[in-house]
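Me: I am new to this structure and would like to learn how to read its features one at a time. Could you show it to me, and then begin with a single residue and its surroundings?

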Amino acid sequence: MSDSYELLERVNDRDSLIAFVEAFIAERESAEPLEREQPHRYAMGSALDWQNSDISSFLDGACQFLHHHVQDGDPPTWRMIAEFLWCGKIME
């Protein structure tokens, strides 16, 4: 399990969200050189379990989280923001 996922599980306030996002950024930065070095290996999905390596695909995956997991009227939480970002990584 990645460090960013472990931090996602602990998001409950501003500081824990920041820690999660910083780890999430570092994870994506680590995936980018792997993808450049072996583009054929990652043609159908990105390195380190990232399904969406470009911003439009990432945001589409994140938006799917809102459509499928957030009900109208649910108050936003720090955790919800983190889950929104996480789903940008994993949802195709």
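Reply: A contact here means heavy atoms within 4.5 Å. Leaving aside residues up to four places away in sequence, Arg-28 touches Glu-35, Ser-46, Trp-50 and Ser-53. Please keep in mind that this is a predicted model, in which local features need pLDDT of at least 70 and side-chain atom pairs count only at pLDDT 80 or more, while totals for chains, interfaces and linings use all residues. Residues are numbered from 1 along each chain as its sequence is written, and side-chain values use heavy atoms, with hydrogens and water left out.

Me: Where is the place of Arg-28, and does Arg-28 count as buried or exposed?

Reply: Elements are DSSP runs numbered from the N terminus, helices being H or I runs of at least four residues and strands E runs of at least two. By that reading, Arg-28 is found in helix α2. For burial, a residue is called buried under 20% relative accessible area, exposed over 50% and partly exposed in between, using a 1.4 Å probe and protein chains only. Arg-28 has 11% relative accessibility, and therefore counts as buried.

Me: How does Glu-32 count on that scale?

Reply: Glu-32 also belongs to helix α2, but its relative accessible area is 32%, so it is partly exposed. To read distance along the chain against distance in space, take Glu-32 and Leu-8, which are 24 residues apart along the chain and have C-alpha atoms separated by 21 Å.

Me: How many helices and strands does the protein chain have, and in what order do the elements run?

Reply: The protein chain has 4 helices and 0 strands, and the order from the N terminus is α-α-α-α. Its radius of gyration, taken over C-alpha atoms, is 14 Å, close to the 12 Å of the globule rule for 92 residues, so the chain is as compact as a globular protein of that length. That rule is 2.2 Å times the number of residues to the power 0.38. Along the principal axes, the C-alpha trace spans about 45 × 25 × 20 Å, and buried residues account for 34% of the 92 residues.

Me: What lies in the loop between α2 and α3?

Reply: Among the residues there is Gln-38, in the loop between α2 (14-37) and α3 (55-69). Gln-38 counts as partly exposed because its relative accessibility is 35%. Gln-38 and Val-11 are 27 residues apart in sequence, and their C-alpha atoms are 33 Å apart in space. Leu-48 lies in that loop as well, with a positive phi of about 55° although it is not a glycine, and at 39% relative accessibility it counts as partly exposed. Asp-49, another residue of the loop, has a phi near 70°, again positive in a residue other than glycine, and at 59% relative accessibility Asp-49 counts as exposed.

Me: Which elements have the lowest and the highest mean pLDDT?

Reply: The pLDDT is the predictor's confidence in each residue, from 0 to 100. Helix α1 (residues 3-9) has the lowest mean among the elements, 93, and helix α4 (residues 78-90) the highest, 97. Over the protein chain the average is 94, and 99% of the residues score at least 70.
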